[in-house]
Structures are given as C-alpha cells and as structure tokens.
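Work through these exercises with the structure open beside you. Try each task before reading its solution.

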Amino acid sequence: MKTKRNAQLLQGNQACSLGALDAGVRFYAGYPITPSTEIAEFMAEELPKVGGKFIQMEDEIAGIGAVVGAALTGTKALTATSGPGFSLMQEIIGFATMTEVPCVIVNVQRMGPSTGGPTSPAQADIMQARWGTHGDHPVIALSPGSVLEAYTLTIKAVNFSEKYRVPVIFLLDEVIGHLREKVVLPELNELEIIDRKRPTVSPEQYKPYAVDESGIPAMADFGQGYHWHVTGLNHDETGGPTGKADVINQQLSRLFHKLDQYRDEITLYQTFDVEDAEYLLISFGCSTRSSLAAVELLRNEGIKVGLLQLQTIWPFPDHVIKDFTKNKKGVFVVEMNDGQLCLEVERTIGNRDLLSRINKINGELITPQEIIDKVKEVAL
Amino acid sequence: MQTTTNIENLFRLNRLPHIWCPGCGNGIIVNAVQKAIYESGLDKDKTVIVSGIGCSSRATGYMNFDTLHTTHGRAITFATGIKLARPELNVIVLTGDGDCAAIGGNHLIHAARRNIDLNVIMFNNSIYGMTGGQFSPMTPHGRLATTSPYGNLERTFDICKLAECAGASYVGRSTVYHVQLLVNLIKKAIENKGFSFVEAISICPISYGRRNKLGDAPKMLEWLKEHAVNIKAAQKMEPEKLKDKFLIGEMYHGEAPEYTQLYDELIAKLQKGAEKDVR
C-alpha cells in the first residue's frame, strides 16, 4: 500500500473535503450552493467508497438537521454551504450548540447580503459565524488562507468539534475554495485525530450533561442502550427539560464558558516578519495573501511591516492581538467586508487612533497596492 | 438486546405527570405508540424516537429510549440523518399537524419520496395548542381559532393522500377513539420497510373544542366515533352516506425500494469493485 504522499495540485474545496475524510468524517448532508458545491460532489463520490454516507437534502435546514442526527449516532458529520444556506442553518446550529452535538459547518463565503454575488468572494460572515443563531453561545470558527490550510484546518475543525462538543464553523471564502495550489499533504500517520469522549459508566449511572473538571460531558452514541434525552429546551444534567432558574443558570454558565479554559489550544495563527515590525497588518483567509505580498513590497522600500494571520477567528484571540499590537506605530485590519474583524480588534486594543481599516466590498480582491497605499499614507 | 418485559419500562416514569391539558388526546396516542413498539418486540436499545416542537412533540421526554426533541418542523431531517448513519436502528418520528403539515411539510414529502425507513406518527389535533390556539393546515374550513377569529378561510390538506402521492409506502389514519386500530396501523408501519405515515386524529378540548363549542373531551371522542368510517366499509357505502364523514384504516400499502438499503448496496458494490482494483 502506498503511504508516502506526493505533491499534487488541489483545489481548496477539495482539500477541505479530503481533510474531512482524513479526520474521520463519514456523513455528509447538504444542499447545492455556489461556491461550495465541489465539497458535496467530492463527498458524493468518495464517502460510499469508505463506507460513509452522503445525502443531498431538500434544503440547507434539512442538511444541518440530518448532520446533527447522524452525529448523535457517533458518526463524524459535516455539511458545506454558502451565505444564503448558512443563514438558513442558523437555528439548528443553535440546537447543536445547546445540545452539545459535534459537527462541522463549512461556509464558503460569497458576497451578500441576499443572493449578492454567488461567484464573487467576500469575507463578510465573520459576525454571522459568531452571532448568527439566537441567544448567548460559545462558538469556534476557523478560516484558512491557503489550500494546504483548507486541509489541515478542516482536520482541526473536526477535532475541535469532537473534543469540545460544539458545532465548528469553517470559514472558507470563494478565493481559497476555488484556488488551485500545489500541496504536499502531511502523512496520515502524522495526523492527530480526536474522537469525542464516550461514557465509561453504565447506562443507569449515565448523566448526559454531568461534567468533570474538563467541563465537557461524555457523549453516548444513540443505539448503545443509554436511553438519553436530547432537547433544545433548557435541561438539567440528566438531559430532561427544566424550568428551575438555578439549574438553568448553572448549565448555561457552563455552556457559555466551556471553551474558556481551552482558549490557548483553540487559538491558531501565523505571523510573518513581526519581530522588528513597526506596523502590523492583521488579516485572515484570502486577504492574507495580498497582505503577505504587501509586506514583502513594503519591506523592499524600507518600511518595517509585519503580518498577523488569524486562523482562529472565534473565540476571538484577544491576548494574541494585544501581544502583537504592543508598541506598534500603526495597525491595519485587512478584510473583504465593510469592517467586521476590525470591530473586535478595536475592542481589544482600545485605541482607535492606532487602527486603520482596509476593506473592499465590490467582489474584487484587495490588491497588495491598495494595502501599500494605505500603509504609506500612515507611515510616511 | 434489551427485550421489554413490561410496558412500564418504556416510560420515564420519573418525568410524569405530563404537561398536557385535561382531556387532551396526546396521551392516548403515546400509549398506542408504546403498545405498538411493545407488541412488535422492538429492541429498546435499537429504537430512537424523534420529535419536533409543539404539544405532541413533548412526548419524547416521557419515553424511555434514545430520544431527540428537535426544532420546529425539522424532526424528519434529524431522523433521516440517524437512519442513514445507522440503518439498523428503528426510527419513529412523533410530530403534530403544525410541525409536520406546515413548517415541516417539505421534509415530509421529500422523506416520503425517498421511501426512507422512518415511521412518522402525526398527532392531528387540528390546532396549534402549545402557542394557544392558532389555526393550522389541518384546521377545518370555517372553524374558529385565535388567528381565524371570523372563521378559517383556508382549506385543509388530506395529509394521507399527500404522503401517498409523495411516495410513502405505508399510510394509515385512525383516531384517539379507535385506539386498537391505531395500534395496529402503527405496528404495520413499523413492520413496513420504507417510509410509513400514520395520521392519528386527536382532540384538543381546551384550545380548539371550547372555542368551536364542540363540547368536552368525551363529547369530542363521540364525534370521532360518529364521523369516522373505515375505508373498507366505505367502499360498500353510498356517497350520500359518506357526506360529513372521514375515512380511517389502512389508506395505502405499496412496495418500493427503501433508501438506506439502496445506499448500503451501493457501498457494497463500490467496495467490492475496490477489491478487484487491488488485484
């Protein structure tokens, strides 16, 4: 059997699909939507070959519903969509959050609002990924800036969902989703693959929402005799609905803050030329690439610029932002929207004067020159 | 396998009493479902009950299986995921007329079209009870509801015909008066390998009966008794005599390939092909 992986030309959406398979995803349910369809097509072809299941549902709500159902049987499950479909999924993303069912939702971002530009890129679902479903809630959202990251971060997304029992939002964008790059994927035996914690107690002793110091309850697969109840209603640690204020408070406090103690391991980012940088670009996804080109060109002109690429968007890495913006003469948030991530950066650093926004909302990529011009405006 | 020796074991007794109003028919339907499960000899460990949102959908909380109380209208989608991921599980969906025929109508017809092996029991009490008595797609024309204060202008679905036309391979209808028939229909639904749909006509004396002056619960049960005609008996009756009546019994039973079985056959074929490739 061939084990060594060769260099190959891969598209971002394919790399994401491959990452899902290698992370152990064996169930996909979704509805076709540009620019995410290659993921569904890949899954339709590949999943049955490995004994997995693919189903094309009647809409995106049904897609995420089936994914959560499958996940409850102990199967790793994923769906992919884009803006309009992501909007439709929000209620059940909230259900998965409340009931703590692991699953991954890939959102290949396109222009919005509404139908917007189906084939044009945007990075404007940052806040929807955070607050799209109603009520307070924890969330993890990752965003890749290359085809290789589309693979490696999808594996992280599946792992995070399993370990922390949260739906994980995977924020691809049309550029990275459709980009083809040469990649050498890591060897399968080098991958860390995480499976959810199963109960070690008997069904009689099993309390589905009781926790140890990890804060994450053990999850029984449906069909294993644990006879547990899953409801989107406020529930106690037995899973049964409750109206008792103190129990609700205790359960929701745990839910809202269950990621807090894991913030460091959830926070993923990369830095480029930050050591001596006087100016810092902060970016993510496709805009990372223009930012990186701008850093190189500006440095050629003697302007000391560095780049912080956020791979984890949510929970927002306050501490990373604080660390890297310290003692900078200027900070630039580069993103293809009307200014979403910059709101969080502004909140974190608390100094508006330091901050500049570099945004574009017409469906065209932000060019390195546009970044260069803005940096020079501030630096020179 | 966990065999059930006592029907009480099928209930989460510590979760009782239930939340339903005095005179509500939902308890009768839950009892019929449990009796059908019990008499069919289903393995309790391999049986999953899924529900949506509404009065009827609270039933899963009282039933001692792996139970899933989902979002409004979407129970069938979750059930589809469970059944496709683990075809060896028996999956029963409990839903209401608002949950299934309004917000969940699209999922009903598509699950029926796929003929996926789910057993959907729709509690039809002709009203949105949980939200206080708004009309549903199953509220008869002319009836009063909080959102049809001058009488309902809309028509109802014949939900059994809808399920049949959409591709369900088993369809039945009974009422909370005709309990033994209801049990039998649910048993046959469970036995059917494909999409099965049973409409269980219920009574809601509080949010529907009172407003429409239909009397108390026994009176409403009597109305069901007097107006339901078995489909077999109806075939021998004059159309004149069937005016103001509705049909109960086995409405449709047909043969069609079941979705998860087709998928498993596909997997087997692809994996056999892969073995050949290696050689």
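**Exercise 1. A strand partner**

Which residue in strand 16 of chain A is the bridge partner of A:Phe332?

Solution. The model is predicted, so keep that in mind throughout. Start with the two strands. Strand 15 of chain A covers residues 330-335, and it pairs with strand 16 of chain A in the parallel sense. Five bridges hold that pairing. Now look along strand 16 of chain A: the partner of A:Phe332 is A:Ser356.

**Exercise 2. The sheet around that pair**

Give the strand order of the open sheet in chain A, then find its edges.

Solution. Step one: trace the order. Five strands of chain A line up as 11-13-12-15-16, with mixed pairing. Step two: find the strands that pair on one side only. These are strand 11 (269-272) and strand 16 (355-359) of chain A. Step three: check the twist. From one strand to the next it averages 20°. Step four: look for a helix on the sheet. Helix 12 of chain A, residues 341-349, packs there and touches strand 12 (279-283), strand 15 and strand 16 of chain A. The direction of helix 12 makes about 155° with that of strand 15 of chain A.

**Exercise 3. A strand in the interior**

Is strand 8 of chain A mostly covered or mostly open, and what pairs with it?

Solution. Take the burial first. Seven of the seven residues of strand 8 of chain A are buried. Next, split the strand by face. One side carries A:Pro167, A:Ile169, A:Leu171 and A:Asp173. The other carries A:Val168, A:Phe170 and A:Leu172. Both faces are covered. Then turn to the neighbours. Strand 5 of chain A (residues 103-111) runs parallel to strand 8 of chain A, joined by seven bridges. In that pairing, A:Gln109 has A:Asp173 as its bridge partner. Strand 7 of chain A also pairs with strand 8 of chain A in the parallel sense, over three bridges. There A:Ile140 stands opposite A:Val168.

**Exercise 4. Two packed helices**

Describe how helix 1 and helix 6 of chain A pack.

Solution. Two values are needed, since packed helices are described by the angle between their axes and the distance between the axes. For helix 1 (residues 12-22) and helix 6 (residues 147-164) of chain A, the angle is about 35° and the axes are 7 Å apart. Add the handedness: the crossing is right-handed. Now list some contact residues. Helix 1 of chain A brings several, including A:Gly12, A:Ala15 and A:Leu18. Helix 6 of chain A brings others, among them A:Val147, A:Tyr151 and A:Val158. Last, sort the contact by class: 10 residues are nonpolar, four polar and one charged.

**Exercise 5. Two domains**

How many residues of each domain of chain A are in contact with the other domain?

Solution. Set the bounds first. Domain 1 of chain A spans 7-190 and domain 2 spans 270-379. Their centres, taken over C-alpha atoms, are 26 Å apart. Across the boundary, 24 residues of domain 1 are in contact with 18 of domain 2. On the side of domain 1, the elements giving two or more residues include strand 6 (117-121), strand 7 (140-142) and helix 7 (174-178) of chain A. Helix 5 of chain A gives the most, with four residues. By class, the side of domain 1 has 16 nonpolar, five polar and three charged residues.

**Exercise 6. Between the chains**

Which helix of chain A supplies the largest share of the side that touches chain B?

Solution. Begin with the totals: 38 residues of chain A are in contact with 35 of chain B. Helix 3 of chain A supplies the largest share, nine residues. The side of chain A holds 20 nonpolar, 13 polar and five charged residues. Strands also pair across the chains. Strand 10 of chain A and strand 2 of chain B (residues 66-69) are parallel, over three bridges. In that pairing, A:Thr231 stands opposite B:His69.

**Exercise 7. One residue of chain B**

Why is B:Ala166 classed as partly exposed?

Solution. Locate the residue: B:Ala166 is in helix 5 of chain B, residues 159-166. Count its surroundings. B:Ala166 is partly exposed because 19 other C-beta atoms lie within 10 Å, and buried would take 20 or more. Beyond four places in sequence, B:Ala166 is in contact with B:Ile109, B:Ala112 and B:Arg113.

How values were computed: Residues numbered from 1 in each chain as written. Chains lettered and ligands numbered in written order. Predicted model: local features only at pLDDT ≥ 70, side-chain atom pairs only at ≥ 80, totals over all residues. Axes fitted to C-alpha atoms, helices over the stretch in contact; angles between N-to-C directions. Left-handed = near helix turned anticlockwise from the far one by under 90°. Contact = placed C-beta atoms within 7 Å. Nonpolar A, V, L, I, M, F, W, Y, C, P; charged D, E, K, R; others polar. Pairing = 2+ DSSP bridges. Domains from an automatic or database assignment. Buried ≥ 20, exposed ≤ 12 C-beta atoms within 10 Å, placed from the backbone.
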